[in-house]
Amino acid sequence: MHDLKDVDAWLATRGGTLRDDVAPDTLPDPIFFAGGRQLVSFSSNNYLALATSPRMKAAARAALDRYGVGNCESRLLGGNLSLYDELEARLAEIKQKPAALLFATGYLTNLGVLPTLVKASKLARAFGYSPATSWTHAFFTDEFNHLSIREGIRASGAPSFAYRHLDMEDLERKLAASSARIRIIVTDGVFSQHGDIVPLPDLLDVAERHDAVVYVDDAHGTGVLGPSGAGTSEHFGVTSPRLIQMGTLSKAYGCIGGFVATDTHVAHILRFACSAFGFTSTLPPDQAAAVLEALDMVTDEPGRRAWLWANQRYFIERMAALGIAPLSLETPILPVHVGDDRECVRIAVGLREAGFHVDAITFPAIAPGQGRLRFIVNAHHTTAQIDAVLDVLASLL
């Protein structure tokens with residue numbers, strides 16, 4: 001594989017192989033241990049500190065005793081436990097949609113659902129379906145959408161048009177120029193490398209004017225945004241029949257898996273036409289049980305979300321006092337722009353030496369010269385930990 005050697009050498013010249021590698025021995029809560037050292041993580045997606053909670057572990061342990069370690073079957077064959085049906089019903093209720101469908105991971109959800117939205121009718125034609133209308137499709141995607149979205153759209157084979165980040169006027173121009181019969185707008189709810197939130201009411205207004213579907217990847221909004229943690233749509237107080245909501249179970253809910261919440265007929269088609277659902281095993285039963293517990297905890301332990309947002313506000317106040325400006329102030333994701341990739345990694349290494357883990361986001365995860373330190377606050381951070389990491393950051397900057 002000499003070609004891969006060449007690519008690896010090229011990446012090294014661009015800073016692409018630079019990493020602040022940490023191999024934890026425990027999960028961040030936010031304290032964790034690595035190589036015998038205690039560190040504090042400021043880059044964990046475990047927003048509500050649920051992943052290591054006694055309630056979650058007890059729920060998973062009980063499911064392990066009942067079901068075993070893994071589900072070795074497709075849900076279309078012998079693997080459809082009633083536990084999964086219960087979880088799908090709960091997720092649909094949270095997202096205020098008629099139905100939901102579980103997937104093994106969030107990444108796999110986008111990789112499977114987006115192509116199926118376009119290809120399902122073509123698959124049906126092979127078995128005798130004859131549509132009365134010739135449907136054409138096109139995707140419209142925010143330029144900073146997650147890679148899983150871009151790969152899912154690419155796998156669909158449908159035309160796609162990227163619009164400028166959160167620019168509704170640019171989106172509207174591209175929709176107006178399209179002749180596709182079915183137009184699908186795809187966006188992150190919360191942008192993972194930027195920390196900002198899609199203006200969903202404005203996006204739905206645009207969709208209404210152009211008769212478009214809106215697919216929201218709410219990986220970083222679900223469990224975090226909104227009065228009850230239901231996500232971006234609840235944050236803005238909007239619902240719409242045009243809306244398809246995707247989410248993950250590996251961020252605020254502290255487990256593994258992905259889901260899509262949508263209309264009943266869409267979920268029915270995905271169940272039988274989406275290979276990412278039918279041709280693989282789903283998440284293990286203990287994870288489904290733990291997620292059900294997490295859904296309860298988001299509701300009956302509201303202090304977790306209260307502490308998360310209190311920490312977010314305090315973090316921003318302390319940054320302002322030190323003259324440090326994050327790229328966004330809207331969510332618990334508070335990236336600090338550095339620019340040069342090597343400088344970004346240097347600062348991350350300095351933070352680690354001081355006892356803090358902060359992800360250095362560099363090329364190819366982001367464009368060259370746009371390196372940033374992605375700080376993410378957690379419900380279990382203390383003000384002392386926040387003070388300490390920001391003091392170190394200020395000295396390194």
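Strand 8 has two sides, and both are covered in this predicted model. Leu243, Gln245 and Gly247 point one way from strand 8. Ile244, Met246 and Thr248 point the other way. All of these residues are buried. Strand 8 spans residues 243-248, and six of its six residues are buried, so the strand is largely enclosed by the rest of the structure.

Its pairing runs in two senses. Strand 7 and strand 8 are parallel and joined by four bridges. Here Val216 has Gln245 of strand 8 as its bridge partner. Strand 8 and strand 9 (residues 258-262) are antiparallel, again with four bridges. In that pair, Thr248 is matched with Gly258 of strand 9.

**Helix 6**

Which residues of helix 6 are buried? They are Met168, Asp170, Leu171 and Leu175, in a helix that covers residues 168-176. These residues lie on the same side of helix 6, because they cover an arc of only 160° around the axis. The face turned away from that buried side carries the exposed residues Glu169 and Ala176.

What does the buried side pack against? Its partners are strand 4 (137-142), strand 5 (160-163), strand 6 (182-188), helix 7 (200-209) and strand 7 (212-217). Strand 7 is also the parallel partner of strand 8.

The N-terminal end of helix 6 is capped by Asp167. A side-chain oxygen of Asp167 lies 3.1 Å from the backbone nitrogen of Glu169. Leu166 lies in the loop between strand 5 and helix 6. Leu166 counts as partly exposed because its relative accessible area is 23%, between the cut-offs of 20% and 50%.

**Helix 3 against helix 11**

Two packed helices are described by the angle between their axes and the distance between the axes. For helix 3 (residues 82-94) and helix 11 (residues 285-300), the axes come within 10 Å and cross at roughly 35°. The crossing is left-handed. Helix 3 contributes Leu83, Tyr84, Glu86, Leu87, Arg90, Leu91 and Ile94 to the contact. Helix 11 contributes Pro285, Ala288, Ala289, Val291, Leu292, Leu295 and Asp296.

**Two open sheets**

One open sheet has three strands in the order 10-13-12, with antiparallel pairing. Strand 10 (333-339) and strand 12 (359-361) are its edges. Each has a single partner strand, so one side of each is left without a neighbour in the sheet. Neighbouring strands of this sheet are turned by 30° against each other on average, direction ignored. Strand 10 and strand 13 (residues 371-376) are joined by six bridges. Within this sheet, Leu334 stands opposite Phe375 of strand 13.

A second open sheet also has three strands, in the order 1-2-11, but its pairing is mixed. Strand 1 (31-34) and strand 11 (356-357) are the edge strands, each pairing on one side only. Strand 2 and strand 11 are parallel, over two bridges. Val40 has Phe356 of strand 11 as its bridge partner.

**The loop after strand 2**

Asn46 sits in the loop between strand 2 (37-41) and helix 2 (54-67). Is Asn46 buried or exposed? Asn46 counts as buried because its relative accessibility is 7%, under the 20% cut-off. Its side chain reaches the backbone nitrogen of Leu50 at 3.2 Å. Leaving aside neighbours within four places in sequence, Asn46 is in contact with Pro28, Asp29, Ala51, Lys251, Gly254 and Asn378.

Ala49 is in the loop between strand 2 and helix 2. Ala49 counts as buried, at 1% relative accessibility.

**Backbone details**

The table lists two cis peptide bonds and two residues with positive phi.

| Site | Feature | Value | Place |
|---|---|---|---|
| Asp29 and Pro30 | cis peptide bond | omega about -5° | Pro30: loop between helix 1 (2-13) and strand 1 |
| Phe363 and Pro364 | cis peptide bond | omega about 10° | Pro364: loop between strand 12 and strand 13 |
| Ala49 | positive phi, not glycine | phi near 55° | loop between strand 2 and helix 2 |
| Leu166 | positive phi, not glycine | phi near 60° | loop between strand 5 and helix 6 |

Some of these sites tie back to the sections above. Asp29, on one side of a cis bond, is among the contacts of Asn46. Pro364 is in the loop between strand 12 and strand 13, and both strands belong to the 10-13-12 sheet.

Key. Residues are numbered from 1 along each chain as its sequence is written. This is a predicted model: local features need pLDDT of at least 70, side-chain atom pairs count only at pLDDT 80 or more; totals for chains, interfaces and linings use all residues. Side-chain values use heavy atoms; hydrogens and water are left out. Buried means under 20% relative accessible area, exposed over 50%, partly exposed in between (1.4 Å probe, protein chains only). The arc is that of the directions from the helix axis to the C-beta atoms. Contact means heavy atoms within 4.5 Å. A polar contact is a pair of N or O atoms within 3.5 Å; within protein, one must be able to donate a hydrogen and the other to accept it, and residues adjacent in sequence count only if both atoms are side-chain atoms. Two strands pair if DSSP finds at least two bridges between them. Axes are lines fitted to C-alpha atoms, for helices over the stretch in contact, and angles run from 0 to 180 degrees between N-to-C directions. A crossing is left-handed if the near helix is turned anticlockwise from the far one by less than a right angle, and right-handed if clockwise.
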